[in-house]
Amino acid sequence: MLDAFSRAVVSADASTSVLSGADISSLKGFLAEGNKRLDAVNAIASNASCIVSDAVAGMICENQGLIQAGGNCYPNRRMAACLRDAEIVLRYVTYALLSGDASVLDDRCLNGLKETYAALGVPTTSTVRAVQIMKASSLAHINDSNTEANGGKRFRKMGSPQGDCSALTSEAASYFDRVISALS
Ligand SMILES: CCC1=C(C)/C(=C/C2=NC(=C\c3[nH]c(/C=C4\NC(=O)[C@H](C)[C@H]4CC)c(C)c3CCC(=O)O)/C(CCC(=O)O)=C2C)NC1=O
């Protein structure tokens, strides 16, 4: 498992070079923007149960066969496994975002997941749909752009200081996209 720092060292070592000025300034940026990163991780982590249950409910709403006999969220044992899996994926996305590197997500969550799902008959398109909803909702929480209209009774603003979150937002988006492409 790597993070932004060990990744820079491993890459430099692979080409038997010292860390470049660009490597160092990118790590300086990582440190300087550290509080923003922590706010982004907190925005996902502290809304995780809402993000997960909303995504799985949305996925089922769009495809109700999932909770009928023969569907992969039927019976309750499978429904519980599905909710648990969505929570696992979201948790590993937060780890990747915190460390600034996808390796923890790749190695400990995604490695072999597609094959496991194929063996168990867990439908990929539905899983991808749930991940897409978690992505939309997580990015809205990071940017505090979630709305009462979509949030309903559970609407909650993080109230983080407003600033330029575009780089962190696209980094977070890339981790969700990684999950989607690993399963597709
Ligand atoms: C460390 C990381 C880690 C991951 C990622 C993980 C995934 C994982 N999901 C599983 C099952 C499962 N996963 C689902 C998920 C779903 N079904 C649907 O229809 C939806 C599309 C989807 C939810 C979004 C279901 C229903 C099962 C149980 C399948 C079965 O037993 O028939 C299993 C089989 C063993 C078990 O049931 O616990 C594993 C290993 N386990 C891990 O330890």
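Let me start at the ligand, with Arg78: an N or O atom in the side chain of Arg78 sits 2.8 Å from an oxygen atom of the ligand. This is a predicted model, so please hear every distance today as a value computed from that prediction.

Arg77 does something similar, with a side-chain N or O atom 2.9 Å from a ligand oxygen. At Asn72 the ligand partner is a nitrogen atom, again 2.9 Å from an N or O atom of the side chain. Which residues come nearest to the ligand? Of the 21 residues around the ligand, they are Arg77, Arg78, Cys82, Arg84 and Asp85. Helix α5 covers residues 76–99, if you want to find that stretch on the screen.

Now the chain as a whole. How many helices and strands does the protein chain have? The count is 10 helices and zero strands. Reading from the N terminus, you therefore meet one α element after another, with nothing else in the order, given how helices and strands are assigned. The C-alpha trace spans about 60 × 40 × 20 Å along its principal axes.

The chain is assigned two domains: domain 1 takes residues 1–32, and domain 2 takes 33–183. Nine residues from domain 1 and 11 residues from domain 2 make the contact. Taken over C-alpha atoms, the centres of the two domains are 28 Å apart.

Next, the interface between those domains. The size of an interface is often given as the accessible area lost when the parts come together. Here about 770 Å² is buried between domain 1 and domain 2, and carbon and sulfur atoms give 48% of that. On the domain 1 side, Met1, Arg7 and Phe30 supply 61% of the area buried against domain 2, more than any other three residues.

What polar links cross this interface? There are eight residue pairs in polar contact between domain 1 and domain 2. Two helices, α1 (4–14) and α2 (21–32), each supply at least two residues of the domain 1 side. Helix α2 gives the most, with four residues. By class, that side of domain 1 has six nonpolar, one polar and two charged residues.

How many salt bridges cross between the domains? The answer is one. Side chains of opposite charge can pair when their charged atoms come close. The side chains of Arg7 and Asp101 meet in a salt bridge, at 2.6 Å from N to O. So Arg7 appears twice in this talk: in the salt bridge with Asp101, by the distance rule for such pairs, and among the three residues that supply 61% of the area domain 1 buries.

For the structure, the salt bridge count is seven. The Asp101 and Arg7 pair links distant parts of the chain, 94 residues apart. Arg7 is in helix α1, while Asp101 is in the loop between α5 (76–99) and α6 (103–110).

Last, two points about the backbone. Most residues other than glycine have a negative phi, and most peptide bonds are trans. Thr16 has a phi near 40°, a positive value in a residue other than glycine. Thr16 lies in the loop between α1 and α2. The other point is the peptide bond from Tyr74 to Pro75, which is cis, with omega near -5°. Where is Pro75? Pro75 is in the loop between α4 (48–62) and α5.

Technical notes:
Residues numbered from 1 in each chain as written. Predicted model: local features only at pLDDT ≥ 70, side-chain atom pairs only at ≥ 80, totals over all residues. Heavy atoms only, no water. Domains from an automatic or database assignment. Contact = heavy atoms within 4.5 Å. Buried area = accessible area lost by both parts, 1.4 Å probe. Salt bridge = Lys/Arg side-chain N within 4 Å of Asp/Glu carboxyl O. Polar contact = N/O pair within 3.5 Å; in protein donor to acceptor, adjacent residues only side chain to side chain. Nonpolar A, V, L, I, M, F, W, Y, C, P; charged D, E, K, R; others polar. Near = heavy atom within 4 Å.
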